Amino acid sequence: MGLKIKAVLIAGGAILIFVFVTGMNYRVPPEIIRSPDPRLHTPSIQVELVNDSTADIAKRLQDTLRKIDHPMNLFGLGLATPQIGENQRIIIVKDHYQEYITMINPEITEKRWLMPWTERCLSTKGRYFLKRYMWVKVNYQKIDGLKKEKTFFGPKAAILQQEINHLNGVLISDK
Ligand SMILES: [Zn+2]
């Protein structure tokens, strides 16, 4: 078999596995708000003071995502406040199985490598094809209120963009 054909087969197989794993159907917990719902299209407000109520919302986000997280999910998972009916700018992104990074007032400060991508969202039905940056640098506050800067690559960078869009009232199903 030619080297080129082998490479094509390997790439094709990898894409199939990717679509299969990321396409697994989650049993979405009832506390996640699903489209259509005006709350998903309402921009969230800046968190002025990080306090106990911020921590409560972050915990609710984590408890909700924990219900559908599984070890086979390698491509990332995230949740934003509008999806649980809150309107403050807080998101969580999966770091490792059952471990999430909480980001308050997240803001993308640098982005690179825009490419075609495919995603699902817990608040919308189906899979969508769109473009995402595969490298992003983000500024945010941690749960202790301190500022932090972090870079994300690949699927995690894509998830982060979906979650920040949620804070702006934008869904992957919006054109
Ligand atoms: Zn989403």
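1. Before anything else, a helix here means a DSSP run of H or I with at least four residues, a strand is a run of E with at least two, and both are numbered from the N terminus. The expected span of a helix is 1.5 Å times one less than its number of residues. Helix H3 is a good place to try that out: it has 14 residues and reaches 21 Å from its first C-alpha to its last, close to the 20 Å expected.

2. A word on what you're looking at. This is a predicted model, so local features need pLDDT of at least 70 and side-chain atom pairs count only at pLDDT 80 or more, while totals for chains, interfaces and linings use all residues. Residues are numbered from 1 along each chain as its sequence is written.

3. The overall layout is easy to follow. The protein chain has three helices and five strands, and from the N terminus on they run α-α-β-β-β-β-β-α. With 175 residues, a compact globule would have a radius of gyration (taken over C-alpha atoms; the rule is 2.2 Å times the number of residues to the power 0.38) near 16 Å, and the 17 Å of the protein chain agrees with that. Along its principal axes, the C-alpha trace spans about 60 × 35 × 30 Å.

4. Now the sheet. The five strands make an open sheet in the order E1-E2-E3-E4-E5, with antiparallel pairing (two strands pair if DSSP finds at least two bridges between them). Strand E1 (78–80) and strand E5 (147–153) sit at the edges, each pairing on one side only.

5. Going along the pairs, E1 and strand E2 (residues 90–96) share three bridges, and Gly78 stands opposite Val93 in E2. E3 and E4 pair over 13 bridges, and a hairpin joins them through two residues. E4 and E5 pair over seven bridges; their hairpin has five residues in between, with Gly145 in the turn at a positive phi of about 90°.

6. Keep an eye on Asn139 in E4. Glu107 stands opposite Asn139, and Asn139 also has a bridge partner in E5, namely Glu149.

7. Back to H3 (residues 154–167), which lies across E1, E2, E3, strand E4 (124–141) and E5, running at about 95° to E4. (Axes are lines fitted to C-alpha atoms, for helices over the stretch in contact, and angles run from 0 to 180 degrees between N-to-C directions.) Ten of its 14 residues are buried, where buried means 20 or more other C-beta atoms within 10 Å of the residue's own, exposed means 12 or fewer, and partly exposed lies in between, with C-beta atoms placed from the backbone. Among the buried ones are Leu160, Gln161, Glu163 and His166. Just after H3, Gly169 takes a positive phi of about 75°.

8. What about the core? A nonpolar core is a set of buried Ala, Val, Leu, Ile, Met, Phe, Trp, Tyr and Cys residues joined through C-beta atoms within 7 Å. The largest one has 24 residues, and those touching the most other members are Leu61, Leu65, Leu79, Ile91, Ile92, Val93 and Leu160. H2, E1, E2, E3, E4 and H3 each give two or more residues to this core, with H3 giving the most, six.

9. Finally, look at Ile91. Leaving aside neighbours within four places in sequence, Ile91 is in contact (C-beta atoms, placed from the backbone, within 7 Å) with Gly78, Leu79, Ala80, Met103, Pro106, Glu163, Ile164 and Leu167.

Key:
Contact = placed C-beta atoms within 7 Å.
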